[in-house]
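Me: Please take a close look at one part of this model, the surroundings of the ligand. Set that part in the context of the whole chain.

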Amino acid sequence: METAHENSSMATGRVIGNPGVAPDHFLLTLRLPSEFATPQPGQFVMIRDPERDEPLLPRPLSVYRFHRENDQAIMDLLYRVTGRGTSLFSRMKRGASLNVLGPLGRGFTLQRDVRQVILLAGGVGVAPMTFLLHEGYLRNTSPQEIIITAYVGARTAKLLTGLDRLKGFCNLRTATDDGSAGYHGLVTDFLRCDIGGYEPEKTIIYACGPSAMIRSLGLILKKSTIRCEVSLEERMACGIGACLGCAVKVKDVQGSSAYRRVCREGPVFDIREIALNFRPAEQDIRL
Ligand SMILES: Cc1cc2nc3c(=O)[nH]c(=O)nc-3n(C[C@H](O)[C@H](O)[C@H](O)COP(=O)(O)OP(=O)(O)OC[C@H]3O[C@@H](n4cnc5c(N)ncnc54)[C@H](O)[C@@H]3O)c2cc1C
Ligand code: FES
(Lines give C-alpha, C1' and ligand atoms only; values in the text may rest on other atoms or scores of the structure.)
(Ligands and ions follow the chains in the order given, each with its own letter.)
Protein backbone atom coordinates (compact mmCIF):
# COMPACT_ATOMS: atom_id res chain seq x y z
CA MET A 1 0.00 0.00 0.00
CA GLU A 2 1.80 3.03 -1.23
CA THR A 3 1.59 6.81 -1.45
CA ALA A 4 -1.36 8.02 -3.43
CA HIS A 5 -0.90 11.80 -3.46
CA GLU A 6 -1.49 11.63 -7.18
CA ASN A 7 -5.01 10.44 -6.37
CA SER A 8 -5.73 12.97 -3.67
CA SER A 9 -8.22 15.77 -4.16
CA MET A 10 -9.93 18.55 -2.26
CA ALA A 11 -13.56 17.67 -1.77
CA THR A 12 -16.55 18.89 0.17
CA GLY A 13 -17.65 16.41 2.79
CA ARG A 14 -21.21 16.56 4.11
CA VAL A 15 -21.64 15.52 7.76
CA ILE A 16 -24.12 12.67 8.07
CA GLY A 17 -23.33 11.81 11.68
CA ASN A 18 -21.06 12.98 14.48
CA PRO A 19 -22.10 11.26 17.71
CA GLY A 20 -20.04 11.14 20.87
CA VAL A 21 -18.81 7.58 21.41
CA ALA A 22 -16.87 8.07 24.65
CA PRO A 23 -15.89 11.05 26.81
CA ASP A 24 -14.29 13.57 24.36
CA HIS A 25 -14.37 11.00 21.54
CA PHE A 26 -16.53 11.37 18.42
CA LEU A 27 -17.29 9.39 15.29
CA LEU A 28 -17.60 11.70 12.29
CA THR A 29 -19.25 10.25 9.18
CA LEU A 30 -18.88 12.22 5.96
CA ARG A 31 -20.50 11.81 2.58
CA LEU A 32 -18.01 12.58 -0.20
CA PRO A 33 -18.27 12.82 -3.98
CA SER A 34 -17.84 9.52 -5.84
CA GLU A 35 -14.58 10.76 -7.41
CA PHE A 36 -12.89 10.76 -3.99
CA ALA A 37 -10.14 8.13 -4.22
CA THR A 38 -10.34 5.04 -2.03
CA PRO A 39 -7.87 5.46 0.86
CA GLN A 40 -5.33 2.78 1.70
CA PRO A 41 -4.96 1.63 5.34
CA GLY A 42 -2.75 4.09 7.20
CA GLN A 43 -3.61 7.06 4.99
CA PHE A 44 -5.18 10.20 6.39
CA VAL A 45 -7.17 13.26 5.38
CA MET A 46 -6.79 16.95 6.29
CA ILE A 47 -10.10 18.49 7.28
CA ARG A 48 -11.23 22.03 7.92
CA ASP A 49 -14.46 23.98 8.39
CA PRO A 50 -14.66 26.32 5.35
CA GLU A 51 -17.09 28.64 7.15
CA ARG A 52 -14.53 29.74 9.74
CA ASP A 53 -11.30 31.71 9.59
CA GLU A 54 -10.06 30.13 12.82
CA PRO A 55 -8.31 27.76 13.06
CA LEU A 56 -6.86 28.51 9.66
CA LEU A 57 -5.00 25.25 9.22
CA PRO A 58 -6.71 21.95 8.53
CA ARG A 59 -6.27 19.05 10.97
CA PRO A 60 -5.06 15.55 10.04
CA LEU A 61 -7.23 12.54 10.92
CA SER A 62 -6.70 8.89 9.96
CA VAL A 63 -9.30 7.07 7.93
CA TYR A 64 -11.26 4.73 10.20
CA ARG A 65 -13.69 3.33 7.63
CA PHE A 66 -14.44 3.94 3.97
CA HIS A 67 -17.07 2.45 1.72
CA ARG A 68 -19.12 3.31 -1.33
CA GLU A 69 -22.90 3.56 -1.48
CA ASN A 70 -24.46 4.05 -4.92
CA ASP A 71 -22.53 6.97 -6.42
CA GLN A 72 -21.17 8.31 -3.14
CA ALA A 73 -18.25 7.64 -0.87
CA ILE A 74 -18.77 7.41 2.88
CA MET A 75 -15.87 7.95 5.28
CA ASP A 76 -15.72 7.54 9.06
CA LEU A 77 -13.18 9.38 11.21
CA LEU A 78 -12.75 8.61 14.90
CA TYR A 79 -11.28 11.50 16.85
CA ARG A 80 -10.50 12.75 20.30
CA VAL A 81 -10.97 16.39 21.24
CA THR A 82 -7.58 17.81 22.15
CA GLY A 83 -7.82 21.48 21.21
CA ARG A 84 -9.52 24.13 19.12
CA GLY A 85 -9.79 22.27 15.81
CA THR A 86 -11.14 18.98 17.15
CA SER A 87 -13.44 20.85 19.57
CA LEU A 88 -14.93 22.66 16.58
CA PHE A 89 -15.40 19.36 14.74
CA SER A 90 -17.23 17.93 17.75
CA ARG A 91 -19.91 20.64 17.42
CA MET A 92 -20.60 19.99 13.74
CA LYS A 93 -24.15 18.90 13.04
CA ARG A 94 -25.67 16.71 10.35
CA GLY A 95 -25.78 18.62 7.04
CA ALA A 96 -22.72 20.80 7.77
CA SER A 97 -19.86 20.90 5.25
CA LEU A 98 -16.14 20.33 5.70
CA ASN A 99 -13.24 20.67 3.30
CA VAL A 100 -11.54 17.29 2.96
CA LEU A 101 -8.12 16.93 1.37
CA GLY A 102 -7.00 13.37 0.75
CA PRO A 103 -6.31 10.58 0.85
CA LEU A 104 -2.77 11.50 1.91
CA GLY A 105 0.46 9.85 2.99
CA ARG A 106 2.05 6.47 2.68
CA GLY A 107 0.10 3.69 4.34
CA PHE A 108 0.92 0.29 5.82
CA THR A 109 2.53 -2.51 3.84
CA LEU A 110 0.49 -5.69 3.65
CA GLN A 111 2.72 -8.71 4.39
CA ARG A 112 1.65 -12.04 2.98
CA ASP A 113 4.54 -14.17 4.24
CA VAL A 114 3.53 -13.92 7.91
CA ARG A 115 1.43 -16.19 10.09
CA GLN A 116 0.69 -13.68 12.85
CA VAL A 117 -0.34 -10.05 12.53
CA ILE A 118 -0.31 -7.92 15.68
CA LEU A 119 -2.17 -4.62 15.78
CA LEU A 120 -1.15 -2.38 18.68
CA ALA A 121 -3.38 0.61 19.35
CA GLY A 122 -3.27 3.29 22.00
CA GLY A 123 -6.39 5.49 22.30
CA VAL A 124 -7.64 6.76 18.93
CA GLY A 125 -4.73 4.89 17.33
CA VAL A 126 -7.40 2.22 17.05
CA ALA A 127 -8.75 4.04 13.96
CA PRO A 128 -6.00 3.21 11.42
CA MET A 129 -5.49 -0.23 13.01
CA THR A 130 -9.15 -1.10 12.41
CA PHE A 131 -9.03 0.13 8.83
CA LEU A 132 -5.92 -1.99 8.27
CA LEU A 133 -7.65 -5.02 9.79
CA HIS A 134 -10.74 -4.78 7.57
CA GLU A 135 -9.45 -3.33 4.31
CA GLY A 136 -5.93 -4.74 4.45
CA TYR A 137 -5.97 -8.20 6.02
CA LEU A 138 -9.60 -9.40 6.19
CA ARG A 139 -10.24 -8.33 2.61
CA ASN A 140 -7.08 -9.87 1.17
CA THR A 141 -6.19 -12.87 3.34
CA SER A 142 -8.04 -15.75 5.01
CA PRO A 143 -8.08 -16.63 8.74
CA GLN A 144 -6.56 -20.01 7.79
CA GLU A 145 -3.50 -18.16 6.49
CA ILE A 146 -3.06 -15.41 9.07
CA ILE A 147 -4.00 -14.99 12.74
CA ILE A 148 -4.69 -11.41 13.74
CA THR A 149 -4.41 -10.20 17.33
CA ALA A 150 -5.26 -6.64 18.36
CA TYR A 151 -3.90 -5.14 21.58
CA VAL A 152 -5.91 -2.04 22.42
CA GLY A 153 -5.11 0.20 25.34
CA ALA A 154 -6.69 3.24 26.98
CA ARG A 155 -6.50 5.04 30.29
CA THR A 156 -9.79 3.63 31.49
CA ALA A 157 -12.61 1.31 30.29
CA LYS A 158 -14.81 4.22 29.18
CA LEU A 159 -12.11 5.35 26.76
CA LEU A 160 -11.71 1.98 25.04
CA THR A 161 -13.35 3.02 21.78
CA GLY A 162 -13.96 1.17 18.54
CA LEU A 163 -14.09 -2.32 20.05
CA ASP A 164 -17.29 -3.13 18.11
CA ARG A 165 -15.34 -3.25 14.84
CA LEU A 166 -12.65 -5.49 16.35
CA LYS A 167 -14.65 -7.99 18.44
CA GLY A 168 -15.34 -11.12 16.43
CA PHE A 169 -12.94 -10.06 13.66
CA CYS A 170 -9.67 -10.82 15.42
CA ASN A 171 -8.29 -11.92 18.79
CA LEU A 172 -8.88 -8.92 20.99
CA ARG A 173 -6.74 -8.06 24.03
CA THR A 174 -7.57 -4.92 25.92
CA ALA A 175 -5.59 -3.08 28.55
CA THR A 176 -6.40 -0.13 30.77
CA ASP A 177 -4.02 1.92 32.87
CA ASP A 178 -6.40 1.78 35.86
CA GLY A 179 -7.39 -1.89 35.47
CA SER A 180 -11.08 -1.10 34.86
CA ALA A 181 -11.10 -3.46 31.83
CA GLY A 182 -8.73 -6.10 30.51
CA TYR A 183 -5.08 -6.22 31.48
CA HIS A 184 -4.19 -3.83 34.29
CA GLY A 185 -1.36 -1.72 32.92
CA LEU A 186 0.07 -0.27 29.74
CA VAL A 187 -0.84 -1.97 26.49
CA THR A 188 2.87 -2.28 25.68
CA ASP A 189 3.40 -4.16 28.97
CA PHE A 190 0.66 -6.56 27.93
CA LEU A 191 2.42 -7.12 24.60
CA ARG A 192 5.77 -7.48 26.37
CA CYS A 193 4.30 -10.38 28.41
CA ASP A 194 3.20 -12.17 25.23
CA ILE A 195 5.99 -11.30 22.82
CA GLY A 196 8.06 -14.42 23.47
CA GLY A 197 5.17 -16.54 22.18
CA TYR A 198 5.29 -15.04 18.70
CA GLU A 199 7.63 -16.51 16.10
CA PRO A 200 9.77 -13.55 14.94
CA GLU A 201 10.10 -14.55 11.28
CA LYS A 202 6.37 -15.17 10.94
CA THR A 203 5.10 -12.09 12.76
CA ILE A 204 4.54 -8.45 11.93
CA ILE A 205 3.48 -5.70 14.33
CA TYR A 206 1.61 -2.55 13.26
CA ALA A 207 1.18 0.24 15.78
CA CYS A 208 -0.42 3.64 16.23
CA GLY A 209 -0.72 5.54 19.48
CA PRO A 210 0.87 8.16 21.70
CA SER A 211 4.59 8.84 21.42
CA ALA A 212 5.31 7.11 24.74
CA MET A 213 3.68 3.93 23.44
CA ILE A 214 5.76 3.99 20.25
CA ARG A 215 8.92 4.54 22.32
CA SER A 216 8.10 1.59 24.59
CA LEU A 217 7.47 -0.57 21.56
CA GLY A 218 10.83 0.47 20.14
CA LEU A 219 12.50 -0.64 23.37
CA ILE A 220 10.60 -3.96 23.46
CA LEU A 221 11.75 -4.69 19.91
CA LYS A 222 15.32 -3.57 20.38
CA LYS A 223 16.63 -7.13 20.59
CA SER A 224 13.96 -8.68 18.41
CA THR A 225 13.80 -9.27 14.67
CA ILE A 226 10.00 -8.98 14.47
CA ARG A 227 9.05 -6.63 11.64
CA CYS A 228 7.19 -3.52 12.75
CA GLU A 229 5.54 -0.55 11.09
CA VAL A 230 4.31 2.43 13.10
CA SER A 231 2.13 5.35 12.20
CA LEU A 232 3.52 8.61 13.59
CA GLU A 233 1.59 11.70 14.47
CA GLU A 234 3.11 15.13 14.05
CA ARG A 235 1.64 18.62 13.87
CA MET A 236 0.87 19.36 10.25
CA ALA A 237 0.23 22.56 8.34
CA CYS A 238 -0.10 21.57 4.68
CA GLY A 239 -0.28 17.75 4.70
CA ILE A 240 1.19 17.54 1.20
CA GLY A 241 4.94 17.85 1.74
CA ALA A 242 5.29 21.56 0.97
CA CYS A 243 5.91 23.31 4.32
CA LEU A 244 8.39 20.84 5.97
CA GLY A 245 6.58 21.50 9.25
CA CYS A 246 6.12 17.81 10.00
CA ALA A 247 9.73 16.68 9.45
CA VAL A 248 11.09 14.12 11.93
CA LYS A 249 14.65 12.94 12.39
CA VAL A 250 15.33 9.36 11.33
CA LYS A 251 18.35 7.20 10.57
CA ASP A 252 18.79 6.18 6.95
CA VAL A 253 20.04 2.73 5.95
CA GLN A 254 23.69 3.82 6.27
CA GLY A 255 22.97 4.98 9.84
CA SER A 256 23.24 8.71 9.04
CA SER A 257 20.67 11.14 10.34
CA ALA A 258 18.09 12.34 7.87
CA TYR A 259 14.73 14.08 7.96
CA ARG A 260 11.46 12.69 6.67
CA ARG A 261 8.15 14.45 6.25
CA VAL A 262 5.50 12.56 8.21
CA CYS A 263 2.79 13.72 5.79
CA ARG A 264 4.61 12.57 2.67
CA GLU A 265 7.18 9.85 3.42
CA GLY A 266 4.95 8.73 6.33
CA PRO A 267 2.91 8.68 8.42
CA VAL A 268 3.89 5.00 8.38
CA PHE A 269 7.57 4.18 9.01
CA ASP A 270 9.54 1.05 9.75
CA ILE A 271 10.14 1.30 13.50
CA ARG A 272 13.84 0.50 13.04
CA GLU A 273 14.28 3.58 10.91
CA ILE A 274 13.20 5.66 13.89
CA ALA A 275 13.77 3.35 16.87
CA LEU A 276 17.52 3.71 16.54
CA ASN A 277 17.02 7.01 18.30
CA PHE A 278 14.89 5.59 21.07
CA ARG A 279 15.96 6.23 24.60
CA PRO A 280 13.18 6.82 27.11
CA ALA A 281 13.81 10.50 27.75
CA GLU A 282 14.89 11.46 24.26
CA GLN A 283 12.70 13.72 22.15
CA ASP A 284 14.08 13.07 18.66
CA ILE A 285 10.62 12.17 17.57
CA ARG A 286 8.04 14.70 18.67
CA LEU A 287 4.56 13.28 18.53
C1 LIG B 1 -1.37 11.43 10.24
C2 LIG B 1 -2.17 11.78 11.47
C3 LIG B 1 -3.33 11.09 11.75
C4 LIG B 1 -4.07 11.41 12.88
N5 LIG B 1 -5.21 10.71 13.11
C6 LIG B 1 -5.98 11.01 14.17
C7 LIG B 1 -7.20 10.33 14.39
O8 LIG B 1 -7.60 9.44 13.63
N9 LIG B 1 -7.93 10.68 15.48
C10 LIG B 1 -7.53 11.69 16.33
O11 LIG B 1 -8.23 11.95 17.30
N12 LIG B 1 -6.37 12.35 16.15
C13 LIG B 1 -5.60 12.05 15.07
N14 LIG B 1 -4.45 12.77 14.86
C15 LIG B 1 -4.08 13.83 15.80
C16 LIG B 1 -4.90 15.08 15.45
O17 LIG B 1 -4.52 15.55 14.18
C18 LIG B 1 -4.65 16.18 16.48
O19 LIG B 1 -5.16 15.76 17.73
C20 LIG B 1 -5.34 17.46 16.08
O21 LIG B 1 -4.70 17.98 14.93
C22 LIG B 1 -5.27 18.46 17.19
O23 LIG B 1 -5.88 19.64 16.70
P24 LIG B 1 -6.63 20.65 17.68
O25 LIG B 1 -6.84 21.93 16.93
O26 LIG B 1 -7.83 20.02 18.26
O27 LIG B 1 -5.61 20.82 18.82
P28 LIG B 1 -4.48 21.95 18.96
O29 LIG B 1 -5.10 23.12 19.63
O30 LIG B 1 -3.78 22.15 17.68
O31 LIG B 1 -3.54 21.16 19.95
C32 LIG B 1 -4.04 20.62 21.15
C33 LIG B 1 -3.04 19.63 21.71
O34 LIG B 1 -2.81 18.55 20.79
C35 LIG B 1 -1.45 18.46 20.46
N36 LIG B 1 -1.39 18.15 19.03
C37 LIG B 1 -1.72 18.94 18.00
N38 LIG B 1 -1.54 18.32 16.84
C39 LIG B 1 -1.10 17.08 17.14
C40 LIG B 1 -0.73 15.97 16.38
N41 LIG B 1 -0.75 15.98 15.06
N42 LIG B 1 -0.32 14.88 17.03
C43 LIG B 1 -0.27 14.84 18.36
N44 LIG B 1 -0.61 15.87 19.13
C45 LIG B 1 -1.00 16.97 18.54
C46 LIG B 1 -0.87 19.81 20.77
O47 LIG B 1 0.51 19.71 21.08
C48 LIG B 1 -1.70 20.23 21.96
O49 LIG B 1 -1.20 19.66 23.15
C50 LIG B 1 -3.67 12.46 13.74
C51 LIG B 1 -2.50 13.18 13.45
C52 LIG B 1 -1.77 12.83 12.34
C53 LIG B 1 -0.52 13.60 12.02
S1 FES C 1 2.70 19.15 6.88
FE2 FES C 1 3.69 20.42 5.42
S3 FES C 1 5.38 19.18 4.83
FE4 FES C 1 4.22 17.87 6.11
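**The chain and its ligand shell**

Reply: Of the 287 residues of the chain, 44% count as buried. The model is a predicted one. The chain holds five helices and 17 strands. Its radius of gyration is 18 Å, close to the 19 Å that the globule rule gives for 287 residues, so the chain is as compact as a globular protein of that length. Along the principal axes, the C-alpha atoms fill a box of roughly 50 × 45 × 35 Å. Contacts reach far along the sequence. Among those with a separation of 6 or more, 66% join residues 24 or more positions apart.

Now the ligand. Around ligand 1 there are 22 residues. Ser62, Tyr79, Gly83, Gly85 and Thr86 come nearest. Three elements give two or more residues to this shell: strand S5 (59-62), strand S7 (72-80) and helix H1 (84-90). S5 gives the most, with four residues. By class, the shell has 11 nonpolar residues. Five more are polar and six are charged.

Next, the strand pairing elsewhere in the chain. Strand S8 covers residues 97-104. S8 pairs with strand S1 (residues 9-17) in the antiparallel sense, over six bridges. In this pairing, Ser9 stands opposite Gly102 in S8. S8 also pairs with strand S4 (residues 44-48), again in the antiparallel sense, over four bridges. Here Arg48 stands opposite Asn99 in S8. S8 thus has both S1 and S4 as antiparallel partners.

Last, one residue from a later stretch of the chain. Ala207 sits in strand S13 (residues 203-208). Is Ala207 buried or exposed? It counts as buried, because it has 29 C-beta neighbours inside 10 Å, and the cut-off for a buried residue is 20 or more. Leaving aside residues up to four places away in sequence, Ala207 touches Leu120, Ile214, Leu217, Cys228 and Val230. Val126 is 81 residues away from Ala207 along the chain, yet their C-alpha atoms are separated by 8.9 Å.

To return to the part you asked about: the shell around ligand 1 draws on S5, S7 and H1 for two or more residues each. Ser62, Tyr79, Gly83, Gly85 and Thr86 are the residues to look at there, as they come nearest to the ligand.

Conventions:
Residues are numbered from 1 along each chain as its sequence is written. Chains are lettered from A and ligands numbered from 1 in the order in which they are written. This is a predicted model: local features need pLDDT of at least 70, side-chain atom pairs count only at pLDDT 80 or more; totals for chains, interfaces and linings use all residues. A residue is near a molecule or strand if its C-beta atom, placed from the backbone, lies within 6 Å of it. Ala, Val, Leu, Ile, Met, Phe, Trp, Tyr, Cys and Pro count as nonpolar, Asp, Glu, Lys and Arg as charged, and the others, Gly among them, as polar. The radius of gyration is taken over C-alpha atoms; the globule rule is 2.2 Å times the number of residues to the power 0.38. A residue is buried if 20 or more other C-beta atoms lie within 10 Å of its own, exposed if 12 or fewer, and partly exposed in between; C-beta atoms are placed from the backbone. Two residues are in contact if their C-beta atoms, placed from the backbone, lie within 7 Å. Two strands pair if DSSP finds at least two bridges between them.
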